[in-house]
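Could you walk me through this structure in the viewer, one selection at a time? I would like to know what to pick next and what is there.

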Amino acid sequence: MEGIPNLPPHLQGEFMRNLENIQMKDSLRLYNHLVQACFTPCVTSFRSKSLDKYESSCVEHCAERYIKMTQRVGLRFAESQALQQKRAAEAAAGGK
């Protein structure tokens, strides 16, 4: 991302639009997976317009666990990326 200021202005705008599009797709993918992972196992009856107490509680707990897990995976991925960048920088510095 540090190379973005070096792009011509018209490419910066295009890059940002593409980035926003990718982020929107990722958000929708996360939402759809969350629905599939939590709604399907928790909601078993469609006899009422609203969720019953068990279904509501199940969906809430499942969604909470899913979001925490997603955040943890993201954090671990960021840590892994930082470690790889550090090792690459050390290898580049050691090779000079």
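Start with a cartoon of the whole chain: this predicted model has 2 helices and 0 strands. The helices are α1, residues 9-42, and α2, residues 53-94.

**The whole chain**

Stay zoomed out for a moment and turn the model along its principal axes. The C-alpha atoms fill a box of roughly 70 × 35 × 15 Å. The radius of gyration is 21 Å, whereas a compact globule of 96 residues would have a value near 12 Å. Now switch on a surface, if you like: the accessible area comes to about 8300 Å², and carbon and sulfur atoms account for 59% of that. Colour by burial next, and you will find that 11% of the 96 residues count as buried.

**Select the core**

Which residues make up the largest nonpolar core? Select Leu34, Cys38, Cys42, Cys58, Cys62, Ala63 and Tyr66, 7 residues in all, and show them as sticks. Both α1 and α2 give two or more residues to this core, and α2 gives the most, with 4.

Keep the sticks on and centre on leucine 34. Setting aside the neighbours within four places in sequence, leucine 34 is in contact with Phe39, Ala63 and Tyr66. Of these, Ala63 and Tyr66 are core members that you have already selected.

**From the core to serine 27**

With tyrosine 66 still shown, add serine 27. Serine 27 lies in helix α1 and is partly exposed, at 43% relative accessibility. Draw a distance between the C-alpha atoms of serine 27 and tyrosine 66: the two are 39 residues apart along the chain and separated by 14 Å.

**Into the loop**

Move on to the stretch between the helices and select valine 43, which sits in the loop between α1 and α2. Is this residue buried or exposed? Valine 43 is buried, with a relative accessible area of 6%. That value is under the 20% cut-off, so valine 43 counts as buried.

What does valine 43 touch, not counting residues up to four places away in sequence? Show Leu51, Glu55 and Val59 to see its contacts. Then draw another C-alpha distance, this time from valine 43 to leucine 83: the pair is 40 residues apart along the chain and separated by 42 Å.

Now pick leucine 51 from the contacts of valine 43. Leucine 51 also lies in the loop between α1 and α2, but here the side chain belongs to a residue that is partly exposed, at 39% relative accessibility.

**A nonpolar patch**

Leucine 51 leads straight to the next selection. Together with Tyr31, Val35, Phe39 and Phe46, Leu51 makes a nonpolar surface patch of about 510 Å². Phe39 may look familiar, as one of the contacts of leucine 34. Colour these residues on the surface to see the patch.

**Three salt bridges**

Finish with the charged side chains. Side chains of opposite charge can pair when their charged atoms come close. How many salt bridges does the structure hold? There are 3, and you can visit them in chain order.

- Select aspartate 26 and arginine 29. Their side chains meet in a salt bridge with an N to O distance of 2.6 Å. The two are 3 residues apart in helix α1, so about one helical turn separates them. Arginine 29 is exposed, at 52% relative accessible area, while aspartate 26 is partly exposed, at 38%.
- Next, select glutamate 64 and lysine 68, where the salt bridge spans 3.4 Å from N to O. They are 4 residues apart in helix α2, again about one helical turn. Lysine 68 counts as exposed, at 52% relative accessibility, and glutamate 64 is partly exposed, at 44%.
- Last, select arginine 76 and glutamate 79, whose side chains meet at 3.1 Å, N to O. Being 3 residues apart in helix α2, these two are also separated by about one helical turn. Glutamate 79 is partly exposed, with a relative accessible area of 41%, and arginine 76 is partly exposed, at 41%.

Technical notes: Residues are numbered from 1 along each chain as its sequence is written. This is a predicted model: local features need pLDDT of at least 70, side-chain atom pairs count only at pLDDT 80 or more; totals for chains, interfaces and linings use all residues. Side-chain values use heavy atoms; hydrogens and water are left out. A nonpolar core is a set of buried Ala, Val, Leu, Ile, Met, Phe, Trp, Tyr and Cys residues joined through side-chain atoms within 4.5 Å. Buried means under 20% relative accessible area, exposed over 50%, partly exposed in between (1.4 Å probe, protein chains only). Contact means heavy atoms within 4.5 Å. A salt bridge is a side-chain nitrogen of Lys or Arg within 4 Å of a carboxyl oxygen of Asp or Glu. The radius of gyration is taken over C-alpha atoms; the globule rule is 2.2 Å times the number of residues to the power 0.38. Accessible areas come from the Shrake-Rupley method with a 1.4 Å probe; for residues, only the protein chains shown count as cover. Patches are made of residues with over 30% relative accessible area and no salt bridge: like charges are joined within 9 Å, nonpolar side chains (Val, Leu, Ile, Met, Phe, Trp, Tyr) within 5 Å.
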